[in-house]
Amino acid sequence: MGTVGLAEPARLELSGKARLERPGQAVQTYTRSSGPALVLNLEVGDRLCVTEGKGRLQYGVRAFTLEARGAACFEVARPRSLWQSLVASCQDIGVCKKRAEAAFVKEAKSRGLEENIPVLYLPTDYRLDTLYLTVAAGQSLRLLENQKELARIEASSEEFAIPSIMLRKATHLEVSNRSGVVVYRAPVRWVYLFAQVEAETTREAALALWLTGYIGYAPAAYSYLMATGQTELAHILAAQIRQEFRGSYR
């Protein structure tokens, strides 16, 4: 099976600290605290997140500024052919349900990212006013900007309705059960998810997130599906989210 290259060269000039997540490999951490920027070249499927300081990412003629507070990550979406195959197969609801069941399973089994705790990933072009997050035993959720509490939200049937405008300010979120025990705590990271094909509908936007294979995108995909009335598909993702969104990232 041949390798698939990026449509255009992508590289990051880093002044700070970054994590590079490459499929099938251990997470790599890079730091440049002084002197000239450290240059990193990206491959297809890579996700690079700046966790301290900032970086300038060049993808072809496009430039993106990545900062730990704000849009921290960059990822190139999977090739056009995979997107077209998924959209075509999802014309049949039975086939689409099977694709939904497998969408984030590889990531859930392999784990290994962000100290085994799923980080909440959101595309920078997220198009809904609300994100819905389901956490097993979750009763209250806090949005944090570092140590500052931005908002506290109570669950409705273990589901949290989180205003997107507040998420854009948050660096972390924390979910507690009825006894006040934290059941899930992790960073919130916004990602420039650069795709060769633009999703025209909210349903297509959900399918685009399936192709990443990363469970951290599942809440956004779930929210898109609920917004379009695709409840059967959404409930499949909700079960995956309840299973995986647990523990505390340190």
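Which elements do the buried residues of α5 pack against? I shall begin with that question and then turn to the chain as a whole, the disulfides and a few individual residues. Please bear in mind throughout that this is a predicted model.

Helix α5 covers residues 202–210 and is mostly covered, with 7 of its 9 residues buried. The buried positions are T202, R203, A205, A206, L207, L209 and W210. As for their partners, these residues pack against four helices and two strands, namely α1 (80–89), α2 (93–103), α6 (218–227) and α7 (231–244), together with β7 (120–123) and β13 (182–194).

Let me now place that helix in its setting. The protein chain contains 7 helices and 14 strands. Its radius of gyration is 18 Å, close to the 18 Å that the globule rule gives for 250 residues, so the chain is as compact as a globular protein of that length. Along the principal axes, the C-alpha trace spans about 50 × 45 × 30 Å. Of the 250 residues, 49% count as buried.

The contacts add to this picture. Among those with a separation of 6 or more, 68% are accounted for by residues 24 or more positions apart. The accessible surface of the chain comes to about 11900 Å², and 48% of that surface belongs to carbon and sulfur atoms. Regarding charge, the chain carries 31 positive and 26 negative charges, and the mean positions of the two sets are 3 Å apart.

I turn next to the covalent cross-links. A search of the whole structure finds 2 disulfides. With the bonded cysteines numbered in sequence order, the pairing is 1-2, 3-4.

One of these links joins C49 and C73, whose sulfur atoms are 2.0 Å apart. The link is right-handed, with 110 degrees about the S-S bond. What does this pair tie together? C49 lies in strand β4 (residues 47–59) and C73 in strand β6 (residues 71–76), so the bond connects parts that are 24 residues apart in sequence. Both of these cysteines, C49 and C73, are buried.

The other link is formed by C90 and C96, with 2.1 Å between their sulfur atoms. Here the angle about the S-S bond is 80 degrees, and the link is right-handed. C90 is buried, and C96 is buried as well.

From the links I move to individual residues, beginning with L133. This leucine is found in strand β8 (residues 130–134). Is L133 buried or exposed? Its relative accessible area is 0%, and L133 is therefore buried. Leaving aside residues up to four places away in sequence, L133 touches L141, E158, E159, F160, I162, L173, P219, I241 and F245. For one of these neighbours, F160, the C-alpha to C-alpha distance from L133 is 5.1 Å, although the two residues are 27 apart in sequence.

The next two residues, V183 and S176, may be discussed together. V183 is found in strand β13, while the place of S176 is in strand β12. V183 has a relative accessible area of 17% and is buried. S176 also counts as buried, at 11% relative accessibility.

With residues up to four places away in sequence not counted, V183 touches V135, A136, G138, V175, S176, N177, R246 and G247. On the same basis, S176 touches A137, G138, Q139, S140, V181, V182 and V183. The contact between V183 and S176 thus appears in the list for V183 and again in the list for S176. V183 also provides an example of separation in space: its C-alpha atom and that of S81 are 39 Å apart, the two residues being 102 apart along the chain.

My final residue is K169. It lies in the loop between α4 (164–167) and β12 (172–176). How does K169 count in terms of exposure? At 47% relative accessibility, K169 is partly exposed. Not counting residues up to four places away in sequence, K169 touches E145 and L150. The C-alpha atoms of K169 and S33 are separated by 25 Å, with these positions 136 residues apart along the chain counted as their separation.

To return to the opening question, the buried residues of α5 pack against elements that include α1, β7 and α7. That concludes my presentation.

Notes: Residues numbered from 1 in each chain as written. Predicted model: local features only at pLDDT ≥ 70, side-chain atom pairs only at ≥ 80, totals over all residues. Heavy atoms only, no water. Disulfide = S-S within 2.5 Å. Buried < 20%, exposed > 50% of the residue type's maximum accessible area, 1.4 Å probe, protein only. Rg over C-alpha atoms; globule rule 2.2 N^0.38 Å. Contact = heavy atoms within 4.5 Å. Areas by Shrake-Rupley, 256 points an atom, 1.4 Å probe, with all protein chains shown as cover. Lys, Arg positive; Asp, Glu negative; His and termini not counted. Charge placed at Lys NZ, Arg CZ, Asp CG, Glu CD.
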